[in-house]
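Me: Could you go through a structure with me, slowly? I'd like to begin with the empty spaces inside, and I may jump around a bit.

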Amino acid sequence: MSPVTEPHRVAVALIGNPNTGKSTLFGAISGIPQRVGNYPGVTVEMAVGEFTHAGRRWSLIDLPGTYSLAPRSPDEMVTVDALLGRTPAVPPPDLVVCVVAANNLERNFYLVSQVLELGLPLVVALSMVDLADAQGTTIDAPGLSIRLGVPVVPVQAHRGIGIEELKGAIARGAARPAPPPESPFPEPFQDEVRRLESLLASEQPINGACTIPRYLVERLLLDTSGYLHERLFQDCPLDGPGIKQALREARERLAENHCPVPEVETLARYSWVARTTQGLVAHPDEHRVTWGDRLDSVLTSRLWGSLFLALVMLLMFNAVFTWAKWPMDGIEALIGGASQRIEAALPEGPLRSLLIDGVISGIGAVVVFLPQIFILFLILTSLEECGYLARAAYIMDRLMARVGLSGKSFIPLLSSFACAIPGVMSTRVIEDRRDRLTTILIAPLMSCSARLPVYTLMIAAFIPERRLLGGMIGLQGLTLFALYLVGIVVAAAVALVLKRTLLRGAPPPFVMELPPYKWPSPRVVFRRMLERGWDFLRNAGTIIFAVSIVMWGALSYPRMSSGEAAPFLAERQRLESRLAAARGSGDAAEEEAIAAGLADVANWLEGAQKRQSLLGRAGRLIEPMVKPLGWDWRIGSAVIASFPAREVVVATLGVIFDVGKDAAEGDGSLRLGSALRAASWPQTGRPLFNIPVALSIMVFFALCAQCVSTLAVIGRETGSWTWPAFTFAYMTALAYLAAFLTYQVAMWVCG
Amino acid sequence: MRVSGQAVAVAERTKLVPLSLLRAGEKGRIGGVYGDGALVHRLREMGLHDGAMVHMVRPGSPCIIRLKGQSLGFRMDDVAHVLVQLGGASS
């Protein structure tokens, strides 16, 4: 299965517990990965890198961090399949490097004992030796190497120490045949595995396509959840039910022989670990207080820890909004420049309109989010790498358990306040499927940064500037806060309902390693940031782009007939000739006034076209439906237009209310604000907008799923289109209901 | 609750106490883990095997325990019960 071009390339798999510095080691050996393996329906990623050593080229496969090689879910199966060379996504490994953290050797050796059974050459990379030193733990690496029969190489990847020695050990290990697999299990268990093996061999069809490696036979016996059985025999013509019967009988015999499944595994492996490390690993008699412990006594305390977390969150959001501002302005300027260039190069017509309002603005809508995603992941990955995120999850667990989730859901939800896309992507740390789904489904309810322009427009235009509580709080600020709160409260309610109905289950247990504090590795942080950005561009980007073009079509067609456009064109012609006259007479003030008049005509023309378009007609069609929310067809079509991406609503409102699509920029927002205040119902002449209408629009935007990118990412992360459809349906229904209630109650209160 | 009933029965027979009763600084040896099978196996894999020494760092729910050089944030509620044999006075 090795690539055709390079028959001699040797594949090395890198595996280890989480928080062992595995990613740092990967970076130190092979730099930035060449490619990342992705699997439909599975959320784990495997990066493949390359390095040259001793005149040969090697591939290095970075497998996801794991405590155990027991496949109980598709995610875990991918890792085991990759190690056993049973997946086409990565080359079958010729050798395994297992990263072992010295500060926690026993638990890391549990994984080593599993890897030893795979029958592949193994090299142990001993990391975190400095942390073990600080704890007072001493490890005899050469002694361990002799007892294990495989090289044990101490490495300090962030300082580049031990990397060459590790490469040397890899080269020597790959040249030797694999050691015979060593089983830590008691005799009765090994007998049962052999019996099962021969049963499977007798069932084996001649084509041999279903050969099951010994390690998986052993796992089959140990996996009482039934996942592996189903997985192995789903596309294999073996006698599944017969084997199930044989497994049941084998487990019964083992229970009688004092080898109960699955406890026999942890018992056997941890006693193997104890035998192997006996006399070679010495722990201090008394726990030595490290600076990490002192830090923890503050950061995990209920009062100081919560305050610190609040501070971190505040700084993070501030950074996401302020740091991202100038690159976002830069991107918008670039997009504007590109539009202008096309405008200059092409004559007016459908092609120019498609390129500028469809293609370029579509690309812009995608790329403009990159700075926020990069900055958010820069901060989150740094916090994760230094060990703080686990503490934040610990602090928040108590609160999250109230709505049926665990502390692990906190970080994804926190990220969603910036943008739900990275939020949904970061739910991968949650193992439990139901909790992960619940978290994904409520993440879009957090008020993301794209809702802010809508809130600011409506609040500035309609909420009176009034001070409350003796000037301490402004009514406008309070409204903004209330909108964020609406999202959180509704999310909590939805989580509670989901955990009692569709995704029924008790609050998940919370078991999370609080890894030792360390400095984040810039290389790892940078790599994750790039990966996330690329993920976003590839998944969300393509869909936003496609939808932008569709929306452009819906807003541009059908075109106005020449008869309908005639009055605007005549007015334009009149103004243009007056402009020429003013220029001739050198009247600068007159010239300026006429130019402004021309711009107004252009906006009227565009507005008339939009009203005439498919979208405008759709807006009229749904007017009866949105009237109970206090909206007319103009607000209705602006809202329809914002379903692909909510942030376009300000620009669409600008077009529909004849202010021009620059409403989102500069003083445009103020001009749009006064245009909205001036708008009225055509039949009665009563103002279209009042406080209840503004509130109902904002509540609708706070709760509605108006973001195709988020739905696309949910589709990718859940591996099905059911969940994005469900998210869309429930959020839109909730938004409609809440906007209706808001309008009716506010009308009643305002009289 | 079935799980706690089973754990209580074992606790009474063997003089083990629930992990949640440990105060800050107290130590104990794991004497048993009861509850949902898959979860119990996962906890065992993380190092909560019988005989392993646990050290209560921050009691409460969730608590923080230290276990052979690793710190774990830990909340079990009704899902599983960890019983320990009180070993050694508070250090």
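Reply: Let us start with the word itself: a cavity is a set of grid points where a 1.4 Å probe fits but cannot get out. Please keep in mind throughout that this is a predicted model.

Me: OK, so how many cavities of 30 Å³ or more does the structure hold?

Reply: There are five cavities of that volume or more in the structure, and the largest of them contains about 140 Å³ of space.

Me: Which residues are closest to the centre of that largest one?

Reply: Its lining is made up of 20 residues, and those closest to the centre are Ala420(A), Cys448(A), Arg646(A), Cys707(A) and Thr710(A).

Me: And which helix gives the most to the lining of the largest cavity?

Reply: That is α32(A), which contributes three residues. At least two lining residues come from each of α19 (420-425), α32 (708-718) and α33 (722-750) of chain A.

Me: How do the residues of that lining divide by type?

Reply: The lining of the largest cavity has 14 nonpolar residues, alongside four polar and two charged ones.

Me: What about the second largest cavity, what lines it?

Reply: The second largest cavity holds about 70 Å³ of space, and its lining draws on chain A, with Asn104(A) and Tyr270(A) among the residues, and on chain B, with Ala52(B), Leu67(B) and Lys68(B) among them. By type, this lining divides into four nonpolar, four polar and three charged residues.

Me: Where does Ala52(B) lie?

Reply: Ala52(B) is in the loop that runs between α2 (37-45) and β3 (53-58) of chain B. With a relative accessible area of 3%, Ala52(B) counts as buried, because the cut-off for that word is under 20%. Beyond its neighbours within four places in sequence, Ala52(B) is in contact with Gly28(B), Arg29(B), Ile30(B), Gly47(B) and Leu67(B).

Me: How far apart are Ala52(B) and Lys68(B)?

Reply: They are 16 residues apart in sequence, while their C-alpha atoms are 7.9 Å apart in space.

Me: Switching topic: why is Cys704(A) not in a disulfide?

Reply: The closest cysteine sulfur, in Cys707(A), is 11 Å from the sulfur of Cys704(A), which is too far for a bond. Cys707(A) is in no disulfide either, since the nearest cysteine sulfur, in Cys419(A), is 6.4 Å away, whereas a disulfide needs the two sulfur atoms within 2.5 Å. Over all chains, the structure holds zero disulfides.

Me: Are those two cysteines buried or exposed?

Reply: Cys704(A) is buried, with a relative accessible area of 0%, and Cys707(A) is buried as well, at 16%.

Conventions
Residues are numbered from 1 along each chain as its sequence is written. Chains are lettered from A and ligands numbered from 1 in the order in which they are written. This is a predicted model: local features need pLDDT of at least 70, side-chain atom pairs count only at pLDDT 80 or more; totals for chains, interfaces and linings use all residues. Side-chain values use heavy atoms; hydrogens and water are left out. On a 1 Å grid over the protein atoms alone, a cavity is a set of points where a 1.4 Å probe fits but cannot get out, and a pocket is an open set with protein on both sides within 12 Å along at least five of seven lines; lining residues have an atom within 4 Å of a point. Grid points are joined across faces, edges and corners, and a volume is the space filled by probe spheres set on the points. Helices (H or I, at least four residues) and strands (E, at least two) are DSSP runs, numbered from the N terminus. Ala, Val, Leu, Ile, Met, Phe, Trp, Tyr, Cys and Pro count as nonpolar, Asp, Glu, Lys and Arg as charged, and the others, Gly among them, as polar. Buried means under 20% relative accessible area, exposed over 50%, partly exposed in between (1.4 Å probe, protein chains only). Contact means heavy atoms within 4.5 Å.
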